[in-house]
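I opened this notebook to keep a record of what I looked up, place by place. The entries are for someone who has not yet seen this structure.

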Amino acid sequence: MADIKTDLLVIGAGSGGLSVAAGAVQMGADVTLLEGHKMGGDCLNYGCVPSKALLAAGHAAHAMTMGAAMGVTPVAPQVDYAAAKDHVKSVIDTIAPVDSQERFEGLGVRVIREFGRFTGPRTVQAGEHTISARRVIIATGSSPFVPPIPGLDSVPYQTNETLFDLREKPDHLLIIGGGPIGMEMAQAHIRLGCKVTVIEGAKALGKDDPELAAIALDALREEGVEIVEGALAQQISGSEGDITVETSAGRFHGTHLLVAAGRKLNIDKLNLEAAGIEYERTGITVDDRLRTTNKKVYAIGDVAGGLHFTHVAGYHAGLIIREVLFGLPARVKTAHIPWATYTDPELAQVGLTEAQAREKHGDKLEVARFEYHHNDRAIAIRQTRGLIKVMVVKGRPVGASIVGYQAGELIATWSLAIANGIKMAGVSAMIAPYPTIAEVNKRAAGAYFSPKLFDNIKVKRVVRFVQRWLP
């Protein structure tokens, strides 16, 4: 049994925990990091990285069928599903050294590959180690939620933690859940030659602006994805290669099943009660400084509730560095946190949706809109399906919704604007190279000012007066 005293104990080596550990140790703190599973956490091994790699394989296959309008004869792609999974593994392996135990030990972090369990307010047991820390950071993330659907426990199924190890191409993939994970994997698999049915109990992509979500969903349906909404799964039966999902909207048959019905917190092994830490199903209770009910213990990322995104965990990590190392209060703000769903077209959001903004600001809200089909670069590359909406109050953006090519890249401009209080005039003043998709943002800002300038009687009178007297 080894006793360890440390300045900072980080529980969980996902994106948030690794960011805290790397920053803190390089600034002179004694840091201990616990990880009972894989370094890099969900994002590297089961989430962001492998899903985008598989989507890239699907995009490459789809591109072979889309050249007719540009004079390129379409051909049917020959998909090797196992080789596509090799590509996924190669991407993970390329990034993994950055998150590896060896790298962090090289930085000076004490890495212990065990799960941690609180035994007191600031003491944690990890295998044979008893660790006492001045401050503790809980960064254990989340994992797939498997709903208690009758029969599911007796049927073979995949989650995002197992799907990327599947080598046999599904003939017909059934997906329970129409959120970002479900829809991204639906499009990846339809493009890789599978038949796909998405079963959603409410509305697919239901957390996004419904007008924009409909554009993305229509695109998926056009590619052949069957999307069934308002269909609660009631019973699952069958065996490998022959699975049936009975729902409130009918019965669906497939060869493989992916459960993408949300996330659950990884807190079961922590024994939070021993540390006086309160929690609910949605997250550990934290204040706006990410402190738990035990003020010496912090929670970041998924376990802190709120948005479950890698970049949120990274944002939390930066605040924790300020709070814990320098004793400077750092309060969480959420208005500028964006998210994106990487379907084709992509769907991205930051701040308030139109419905949320109308509820909060009423008649003070103005909505600036710009369609992709007016963007010259989008026309040139045949990517004209899309729309941007910017929600504006008193000249400042309070939210932006984008569906279309590179929406996940474009949304960063609006996060910057909201984070720094930049007005629409500031966005309008930027210059984007011509022709680029980035002009969509500038044109949206221009659309906000157009009626104020071109449909304004007072402006026209002033211009006529000036022109009458201008030498």
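The entries below go through two strand pairings, one loop residue and one surface patch.

Entry one. I noted at the outset that this is a predicted model, and I read every entry with that in mind.

Entry two. I looked up strand S4, residues 117-120, and found that three bridges join it to strand S5, residues 123-126, with the two strands running antiparallel. S4 and S5 form a hairpin, and two residues lie between them. When I checked a partner across this pairing, I found phenylalanine 118 standing opposite valine 124 in S5.

Entry three. I turned to strand S8, residues 172-176, and asked how many of its residues are buried. Five of its five residues are buried, and the strand is mostly covered. I then took the two faces of S8 separately: His172, Leu174 and Ile176 are buried on one side, and Leu173 and Ile175 are buried on the other. S8 runs parallel to strand S9, residues 195-199, and five bridges join them; in that pairing, histidine 172 has lysine 195 of S9 as its bridge partner.

Entry four. I found histidine 373 in the loop between strand S21 (365-371) and helix H10 (376-380). Is histidine 373 buried or exposed? I recorded it as partly exposed, because its relative accessible area is 41%, and the range for that term lies between under 20% for buried and over 50% for exposed. I also noted that the C-alpha atoms of histidine 373 and proline 150 are separated by 47 Å, the two residues being 223 apart along the chain.

Entry five. I looked up a positive surface patch and listed its members as Lys458, Lys460, Arg461, Arg464 and Arg468. One of them, arginine 464, has its place in helix H14, residues 457-469.

Note on methods
Residues numbered from 1 in each chain as written. Predicted model: local features only at pLDDT ≥ 70, side-chain atom pairs only at ≥ 80, totals over all residues. Heavy atoms only, no water. Patch = residues over 30% accessible without salt bridge, like charges linked within 9 Å, V, L, I, M, F, W, Y side chains within 5 Å. Areas by Shrake-Rupley, 256 points an atom, 1.4 Å probe, with all protein chains shown as cover. Salt bridge = Lys/Arg side-chain N within 4 Å of Asp/Glu carboxyl O. Lys, Arg positive; Asp, Glu negative; His and termini not counted. Charge placed at Lys NZ, Arg CZ, Asp CG, Glu CD. Helix = DSSP H or I, 4+ residues; strand = E, 2+ residues; numbered from the N terminus. Pairing = 2+ DSSP bridges. Buried < 20%, exposed > 50% of the residue type's maximum accessible area, 1.4 Å probe, protein only.
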